[in-house]
Amino acid sequence: MIIFITFLVTIIVDQLTKYMVVKNFSVGESLPIIKNIFHFTYVQNRGAAFGILQNQLPFFIIITLVVLALLIYFYRQLPLNSIWNRVGLGLALGGTVGNFVDRIRLNYVVDFLDFRVWPVFNIADSAIVVAVIIFSYWILIVDNN
């Protein structure tokens, strides 16, 4: 149940924040939250992380479907007695689907979290990163003890 709740909350928060950015910002517009440290900046990302592989939509759709299949496979392999693994899986699924929805609906991903020293990203990206951290901790620390 925690996987499903985390999955749904991730998608809802991701899509809601993206909707608010699209409705209230022009592409490229930036609003300083903490000047020169953290801004909301509306970017239409037609590539992957760091802007690589621009305009490769069919490739991203195929890769996303492969990733979703792998996550579903890992669901069967993952020791789900840990709440962290369940939360991690929900975050990974939610983040993947959140960006997939953008690619299918808009042909790009809406990014807006801008720390000025890192490429602009979104809630779905953050969920995926947190999931990777959780799984890495489990594999490197917990599973080896």
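In the predicted model, helix 2 and helix 3 cross with a left-handed sense. Helix 2 spans residues 57-77 and helix 3 spans residues 83-106, and the two pack at an angle of about 160 degrees with their axes 10 Å apart. An angle over 145 degrees counts as roughly antiparallel, so helix 2 is roughly antiparallel to helix 3. On the side of helix 2, the contact is made by Leu57, Phe60, Ile61, Thr64, Leu65, Val67, Leu68, Leu71 and Tyr75. Helix 3 contributes Leu89, Ala92, Leu93, Thr96, Val97, Phe100, Arg103 and Ile104 to the contact. Sorted by class, the residues of this contact comprise 14 nonpolar, two polar and one charged.

Helix 3 also packs against helix 1, and here the axes come within 7 Å and cross at roughly 35 degrees. The crossing of helix 1 and helix 3 is right-handed. Its contact residues divide into ten nonpolar, eight polar and five charged.

The largest nonpolar core holds 15 residues. Those touching the most other members are Leu71, Leu89, Leu91, Ala92, Leu93, Ala131 and Phe135. At least two residues of this core are supplied by each of helix 1 (2-24), helix 2, helix 3 and helix 4 (123-142). Helix 3 provides the largest share, with six residues. In soluble globular proteins, nonpolar side chains tend to be buried together. Several residues of the core also appear in the contact of helix 2 with helix 3, among them Leu71 of helix 2 and Leu89, Ala92 and Leu93 of helix 3. When neighbours within four places in sequence are left aside, Ala92 is in contact with Leu71, Ile128, Ala131 and Phe135. A second core, separate from the largest one, consists of nine residues, including Val21, Phe25, Tyr108 and Phe121.

A polar residue of helix 3, Asn99, was examined next. Asn99 has a relative accessible area of 10% and is therefore buried, the limit for burial being under 20%. Apart from residues up to four places away in sequence, Asn99 touches Asp14, Lys18, Val109, Asn122, Ala124 and Asp125. Two of these partners, Asp14 and Lys18, fall within the residue range of helix 1 (2-24), while Ala124 and Asp125 fall within that of helix 4 (123-142).

Ile123 belongs to helix 4. With a relative accessible area of 24%, Ile123 is partly exposed. Beyond neighbours within four places in sequence, the contacts of Ile123 are Val13, Asp14, Thr17, Phe112 and Leu113. Asp14 is thus in contact with both Ile123 and Asn99. Ile123 and Ile134 are eleven residues apart in sequence, and their C-alpha atoms are 16 Å apart. Leu16, by contrast, lies 107 residues from Ile123 along the chain, with a C-alpha separation of 9.9 Å. Leu16 is located in helix 1 and is partly exposed, at a relative accessible area of 47%.

An exposed nonpolar residue is found in helix 2, namely Ile72. The relative accessible area of Ile72 is 51%, so Ile72 counts as exposed, for which the value must be over 50%. Ile72 and Leu93 are separated by 21 residues in sequence and by 8.6 Å between C-alpha atoms. Leu93 is a member of the largest nonpolar core.

Positive phi values occur at two asparagines. Asn36, although not a glycine, has a positive phi of about 65 degrees. Asn36 is placed in the loop between strand 1 (30-34) and strand 2 (38-45). With 60% relative accessibility, Asn36 is exposed. At Asn107, likewise a residue other than glycine, phi is positive and near 70 degrees. Asn107 sits in the loop between helix 3 and strand 3 (109-114). In contrast to Asn36, which is exposed, Asn107 is partly exposed, with a relative accessible area of 44%.

Conventions
Residues numbered from 1 in each chain as written. Predicted model: local features only at pLDDT ≥ 70, side-chain atom pairs only at ≥ 80, totals over all residues. Heavy atoms only, no water. Axes fitted to C-alpha atoms, helices over the stretch in contact; angles between N-to-C directions. Helix = DSSP H or I, 4+ residues; strand = E, 2+ residues; numbered from the N terminus. Parallel < 35°, antiparallel > 145°, perpendicular 65-115°, else oblique. Left-handed = near helix turned anticlockwise from the far one by under 90°. Contact = heavy atoms within 4.5 Å. Nonpolar A, V, L, I, M, F, W, Y, C, P; charged D, E, K, R; others polar. Core = buried A, V, L, I, M, F, W, Y, C linked by side-chain atoms within 4.5 Å. Buried < 20%, exposed > 50% of the residue type's maximum accessible area, 1.4 Å probe, protein only.
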